[in-house]
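Work through the two exercises below with the structure open. Each task is followed by a solution in steps.

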Amino acid sequence: MKRCVRRILKLVYSVDMKATTYQKIARAARKLLDKEGAEGVTMRRVASGVGITPMALYRHYPNRDGLLNALADAGFVELSEKLASVRLTGGVEQQLLKILDIFLDHAFEKPRLFTLMFLTKREGARQYPEDFRARRSPTANVSADVIASAMETGYLRKDDVWEIVFETGALMQGLVMLYLGGRMAMPPESFRAFCHRSFGRYMNGIRS
């Protein structure tokens, strides 16, 4: 599965003039997503963008949900690779803020992809608690490891690691949803600072 998702991700950014139909589908779908959001990605429009019939599209994806899941999974690979490339140094809160900033950068740079990944109801999306506790979310695992280590050292009070990961994720995603929805009248850097302060207030409540 991971190999398939990485292939999709590579295809989206490939500029090979001898693109296969599969590659063209990935690019056309991502182009529609980036421009109009998930609601703009329909099998008919993707097929039209590729120059094939809608029925031919079903040879590559079982349905629209499968296509959207492939786009979301490719987005999670992108985000996971960004997280893996950053060296987490400094104190616990500094490390968690670095992780937060990577998520915010992703939301600023690819708002419609971010919305599909985290805020759109879709089949195949990871669910709390089973998928998270089974470490099926590479993006959540990074925060979980930092928080678990902080509890072991006594910096944070002993608690349910995964509940805290999900709560902090919900705080960030909720703020991003309001920001992308035009409910917060501030430039990106002011919004980032607001998120940092909000996160700091939450951390004050769980610190030992």
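**Exercise 1: the enclosed space**

About 40 Å³ of space lies in the largest cavity. The model is a predicted one.

Task: State how many cavities of 30 Å³ or more a search of the whole structure finds. Then determine which residues line the largest cavity, which helix gives the most to the lining, and how the lining divides into nonpolar, polar and charged residues.

Solution.
1. The search of the whole structure returns one cavity of 30 Å³ or more.
2. Its lining is made up of Leu100, Thr168, Leu171, Met172, Leu175, Cys195, Ser198 and Phe199.
3. Two helices, α10 (161-180) and α11 (188-206), each supply at least two of the lining residues.
4. With four residues, α10 gives the most.
5. By class, six lining residues are nonpolar, two are polar and none is charged. Thr168 and Ser198 are the polar pair, because neither Thr nor Ser is in the nonpolar or charged group.

**Exercise 2: the open space**

Task: Give the volume of the largest pocket, the residues closest to its centre, the helices that supply its lining, and the division of that lining by class.

Solution.
1. The largest pocket holds about 750 Å³ of space.
2. It is lined by 31 residues, of which Phe118, Phe132, Phe166, Gly169 and Gln173 are the closest to its centre.
3. At least two lining residues come from each of α5 (64-85), α6 (92-109), α7 (111-118), α9 (138-153), α10 and α11.
4. The most come from α10, which gives seven.
5. The lining divides into 18 nonpolar, nine polar and four charged residues.

Definitions and conventions
Residues numbered from 1 in each chain as written. Predicted model: local features only at pLDDT ≥ 70, side-chain atom pairs only at ≥ 80, totals over all residues. Heavy atoms only, no water. 1 Å grid on protein atoms, 1.4 Å probe; cavity = no way out; pocket = protein on both sides within 12 Å on 5 of 7 lines; lining within 4 Å. Points joined across faces, edges and corners; volume = space filled by probe spheres on them.
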